[in-house]
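Here is a briefing on strand pairing and helix packing. Look at the sequence and the model first, then read on.

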Amino acid sequence: MIVIFSTQEDISTHRVLEWLHYYKTSAVVINELNPIVDVFIEIGALEQDEVSFVLSSGQKISIKDIDVVWYRRGLHFFKFPYGRLNQHTHLQHFYFHLKSEYENLSQYFFELLRPLTIGDYNLAIPNKLLVLREAKKCGLLIPETRIITDKKNAFEQTHINKNITEVVNVKYEKQLFYNRTTLQGAYETNTFFPSLLQLNIKKFCELRAFFFMDRFFTMATMPDVMEVLETDNRDITSTKYFHRVAFDLPLEVERKLTDLITSLGYTTCSVDMI
């Protein structure tokens, strides 16, 4: 059995699941719509800890039944109702305590699954600032970057703003909204929350390199209209503006990327480049 940990809105996960089902491979996705509702872990005298859990769908899974785990993305896979405590000021102390308990349980749970796992729960949210620093140390080119809290320290040249961590997703009814990389316009206030700015770079194409089993599988996204790639190609919802082709990275770039991925502790990941 293949167990996939992901989020409901991740399209790639659903496509992989369709592919697995096409080849009649036993696979299940654990996400916010099919979370773990019951867990049993025994840390005893046995050489290997006993682990089993039940999903909201009713499916019971033992670690003995699992051949491979793919950790795709996400942080919350257990359905425990401690979140409601945060709605009451006098109970917030208990909320943060249970949140800490949950986080420690999750960390240990995925540690038990580590020998079977592709991906790493503990590296779920990369620190973009550390990645940029390590990339520079590995000899890769990075955009000129600043973290600022006052507009007087912004670039004079055209620049973009980005999240320091992950893209923010907001669900409303049956729709998903997420923030995008944009050209920075006029600043509405003089001071603000720490923000990441980068000089805008005009690009010919975007590259995404998937690293797996010590190999790179790279795709180039090339626009039919160059303005499409000015900032973020997610601004265009129709694929008619793009064509995607396989791309061979120069060996020197692959070597530097391998050094970067190794230094960050990943065994599999994807890297975006221009």
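Strands β14 (residues 206–212) and β15 (residues 215–223) run antiparallel and are joined by 7 bridges. Strands here are DSSP runs of E with at least two residues, helices are runs of H or I with at least four, and both are numbered from the N terminus. Two strands count as paired if DSSP finds at least two bridges between them. The model is predicted: local features need pLDDT of at least 70, side-chain atom pairs count only at pLDDT 80 or more, and totals for chains, interfaces and linings use all residues. Residues are numbered from 1 along each chain as its sequence is written, and side-chain values use heavy atoms, with hydrogens and water left out.

**Antiparallel sheet**
- Leu 207 has Ala 220 in β15 as its bridge partner.
- The open sheet has 4 strands in the order β16-β15-β14-β17, with antiparallel pairing.
- β16 (242–247) and β17 (269–273) are its edge strands, each pairing on one side only.
- From one strand to the next, the twist averages 20 degrees.

**Parallel sheet**
- Another open sheet of 4 strands follows the order β2-β1-β6-β7, with parallel pairing.
- Its edges are β2 (27–30) and β7 (117–118), and each pairs on one side only.
- β1 (residues 2–5) pairs with β6 (residues 68–71) in the parallel sense over 4 bridges.
- Phe 5 stands opposite Tyr 71 in β6.

**Helices across the parallel strands**
- Helix α1 (residues 11–22) lies across β1, β2 and β6, where contact means heavy atoms within 4.5 Å.
- α1 runs at about 160 degrees to β2; angles run from 0 to 180 degrees between N-to-C directions, with axes fitted to C-alpha atoms, for helices over the stretch in contact.
- Helix α2 (residues 92–113) lies across β1, β6 and β7, at about 150 degrees to β1.
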